[in-house]
Amino acid sequence: MQDFLPISKEDMERRGWEQLDFVFVSGDAYVDHPSFGPAILCRLLEKHGYKVGIIPQPDWHSSRDFMSLGKPRLAFLVSAGNMDSLLNQFTAAKKKRRQDAYSPGGEAGHRPLRATAVYCRKLREIYPDVPLVIGGIEASLRRFAHYDYWSDEVRPSLLAESGADLLVYGMGEKALLAIAADLQQGVEIGNIQDVPGTCYKVPGFDYIWDYLPLASFEEVAEDKKKFAEAYKLEYLEQDALRGRKLAQQNGEICVVQNPPSPPLTEAEMDEIYDLPYCRTWHPRYDKAGGVPAIKEVQFSLVSQRGCFGGCNFCAIISHEGRVIQRRSQASILREAEILTQLPGFKGYIHDVGGPTANFRQPSCQKQLELGTCRGKDCLSPVPCKNLEADHGDYLELLRKLRALPGVKKVFVRSGLRFDYIMRAKDGMKFLEELCQYHVSGQLKIAPEHITDRVTWVMGKSNKQVYVDFVRKFEAVNKKLGKKQYLVPYFMSSHPGATLKDAVELAEFLHEMGYHPQQVQDFIPTPGTLSTCMYYTGLHPLTGEKIYTAKSYEEKQMQRALMQYWLPGNYEIVCKALKAAHREDLIGYDRHCLVRPRKGQGSKAEGKANGQARPERHNNHNKHTRKKKVHR
C-alpha cells in the first residue's frame, strides 16, 4: 500500500530521513489525490528523487507547526491551497462562510486570511536563510498589483507582500522541477531568473532587459485608467509562445514575470496523473469525518487542462492557460481501472472532463505553432473561422470507459460548452450519445446571461445560440424517450449588466419556465478581466466604459429578479420593476412576473383583471442550480 508523504518527524524517521529537501506548507488539509495541487507537486518532486514533506494547515499563531518537519535542505514551498484564502472564507456579499470543504470535517477557521503571506512571514521569522517559493491559485492570480474586492483596494504583488523569493504562477509542475534542479546544483535563489512560469524580484528596471514595463503599483492604485492599461498588457502577454517578459515596480522591489510555462505534453500529463497517490485524505482526519472536498472528485477523472472558452470572469486563462493539454486515453483508462478497485466504488464514474468537459483538443493547430491569438476569442461573440470543433476523441474515450469491467455508468458533470457543440460537425452525434449514456437526469450548461450587451462583456455566446441548443437537447431526449433537463447557470450583477438587463433576464426565465433554486452573484476575484472592469469601469481591451452594479440595493434587486417567484423576494422585485419602469410586469397577464397585492393596482390587468395569473408549468420548473465549479 502506498504511504502518505511525511507530515511529522515520526513519518520521516520511518523512512530513515534526517532532513527533507522541500517542505510544502499548505492552507488545505492533506488529501493525497490528483485533484489537489499540493499532492501533485509533492508526488512529482518525490518521483524526481527529492525528499518532500507537507505541513498542512499550520497554526499561524505560533511557531510549533512550522518547525514540525525541521529545516529543509533546499526550500520551503508555500501555497494557500486549492482556493484563494479570501474567496475560501467570504461570499460575494462579503459574509463569512460557515464551512470550508478543504478542512477536516468541513470546519471553517483552519487557515488565516491572506494565508500565503501569513505563512511566509512566519517562516522568515523562524528560518530567515531558507528560500521561500510561493505558488497556487492565490499567488498565481495576485502576482502583479491587483484589485482586492474584500478590502476594496488595490494591493501590491503577493511576491512583495509575502517577502518570498520566487513566485510560481500557473499549474507549476515544469517551473517547480526547474527551480528544484537549480537549487540542487547550488544556484542561489536570487539568481534563478530564467524559469518560464515564474516571477522573480530585482531592485528596479535597470537590472533587467528585453521587457515590457507596467505602470507601478503606486500608479495603478491611484489611477484606474493606468490599472486597466497594465491589466491589458498582462492579459495579452499570457501565452507561452508569443508572450514577453513583464515588469512592475512594487515599492522597493521590481516584480519581473517571465513568459508562461510551455503547455504540458501528453506524456508529461500522463506522468503527473500516473503518480502513486493514496487517493484519500490523511488518516489524521478520520475522527473529523474526513475532508469534504474529496467527495466531488474521488471517483472522477481529469481528462485535460486549459480552456479556450474565453469567459472573462474566469481565472482559468490566467492560471491554466488557453491551450488544451490532455492526457492519453491509455492513462485515463488506467486510472479508471484503479477507481474500480477503491473502497466505496459502486460502479459509477462521476465525471470525465476538465474546466470544460468537451474540449479535448486545441481550438486550432495555429495555437501550437504560433500561440493563441492576441486579443481574440475562439468562441465569442461568434466562433472563429479557424475553430476546429470535434468530439471524436472524447466520444471514443467515453465508449472505452463504459466498456470497462466493473463500470456501470460514466457521467459527464463538468461544464459543457453548448456553443462548441452547436459548431461541431459531430455535434448532434455527440449530444445524442451524451444524453443516452452520460447524463444523470440533468445536464449543466452556463449561458450566464441572455442580453447581447452582457454576453459580449462576459465573453459568452448570445441568447439565440442557447435557445437553439435547448431545442436540440429537447429533440434528442424526445427521440431517446428520456425525461432529462438542462440546469442553466445564470449570473447577476456582472459588469455590463444594468437593471434593465436583469429584468430582461427575468422575463426570459419566466418565458422558459426556469425556476433556479440557487443563483450566482458575480464575485470580483483577482486576476480576471471582469474584475478589472468591475474596479475601473473600463473594458481594458477596448477602453470602453462599462457600467457595474455596486450598491447593495441594486445587486440585491438583480439577484432577486432571477428568483422573482419567491415570496420573500416580492417587495424587492416590485421595487426593481418600478425602478426599471417595467410596472407592466406587475399584473395578472401571462407575461407578468408578479401579481399586485390588494389595493396596489396594476398596469397589466388586461382581460384577466381580478383573476389569478395562471402558473406556468413545464419540465424546467424542477431545475436547480448547484454550486458552480471552474466557471
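This is a short walk through some notable spots in the structure above. Please keep in mind that the model is predicted.

Let us begin with the aromatic rings. Across the whole structure, 28 aromatic pairs turn up. One of them joins Tyr147 and Tyr534: the ring centres are 6.1 Å apart and the planes meet at 40°, so this pair is tilted. A tilted pair is one whose angle is neither under 30 degrees nor over 60. This pair links distant parts of the chain, since Tyr147 belongs to strand β6 (residues 146-148) and Tyr534 to helix α20 (residues 529-536), 387 residues apart. Are these two tyrosines buried or exposed? Tyr147 is buried, with a relative accessible area of 3%, and Tyr534 also counts as buried, at 7%. Both belong to one aromatic cluster, whose other members are Tyr149, Trp150, Phe227, Phe522 and Tyr535.

Rings can also have a charged side chain over them, and two places in this model are worth finding. Lys245 lies over the face of Trp209, at 5.5 Å from the ring centre. At another ring, that of Tyr437, it is Arg402 that lies over the face, at 3.9 Å from the centre.

A further lysine to look for is Lys555, in helix α21 (residues 552-561). How far away is the nearest side chain of opposite charge? That side chain is Asp521, and it is 6.3 Å away. A salt bridge would need a side-chain nitrogen of Lys or Arg within 4 Å of a carboxyl oxygen of Asp or Glu, so Lys555, although buried, has no salt bridge. Leaving aside neighbours within four places in sequence, Lys555 is in contact with Ala92, Tyr149, Ser493, Ala549 and Lys550. Tyr149 brings us back to the rings, as this tyrosine is part of the aromatic cluster described above.

Next, follow the backbone. The peptide bond from Ser380 to Pro381 is cis, with omega near 0°. You can find Pro381 in the loop between α13 (366-370) and α14 (392-402). Two residues other than glycine deserve a look for their positive phi. Glu448, in strand β20 (residues 442-448), has a phi near 70°. His581, in the segment after α22 (570-579), has a phi near 60°. Their surroundings are a contrast: Glu448 is buried, with a relative accessible area of 0%, whereas His581 counts as exposed, at 66%.

Our last stop is helix α19, which covers residues 499-512. From its first C-alpha to its last, this helix of 14 residues reaches 20 Å, close to the 20 Å expected at 1.5 Å a residue. How many of its residues are buried? The number is 10 of 14, so α19 is mostly covered, with buried meaning under 20% relative accessible area. Among the buried residues are Leu499, Val503, Leu505, Phe508, Leu509 and Met512, along with Asp501 and His510. And what covers the buried residues of α19? The cover includes α17 (452-458), α18 (463-480), β21 (485-492), α21 and α22. Of these, α21 is the helix that holds Lys555. Just after α19, Gly513 takes a positive phi of about 80°, and that is a good place to end the tour.

How values were computed
Residues numbered from 1 in each chain as written. Heavy atoms only, no water. Phe/Tyr/Trp six-rings, centres within 6.5 Å; stacked < 30°, edge-to-face > 60°. Helix = DSSP H or I, 4+ residues; strand = E, 2+ residues; numbered from the N terminus. Buried < 20%, exposed > 50% of the residue type's maximum accessible area, 1.4 Å probe, protein only. Lys NZ or Arg CZ within 6 Å of the ring centre and 35° of its normal. Lys, Arg positive; Asp, Glu negative; His and termini not counted. Contact = heavy atoms within 4.5 Å. Expected span 1.5 Å × (residues − 1).
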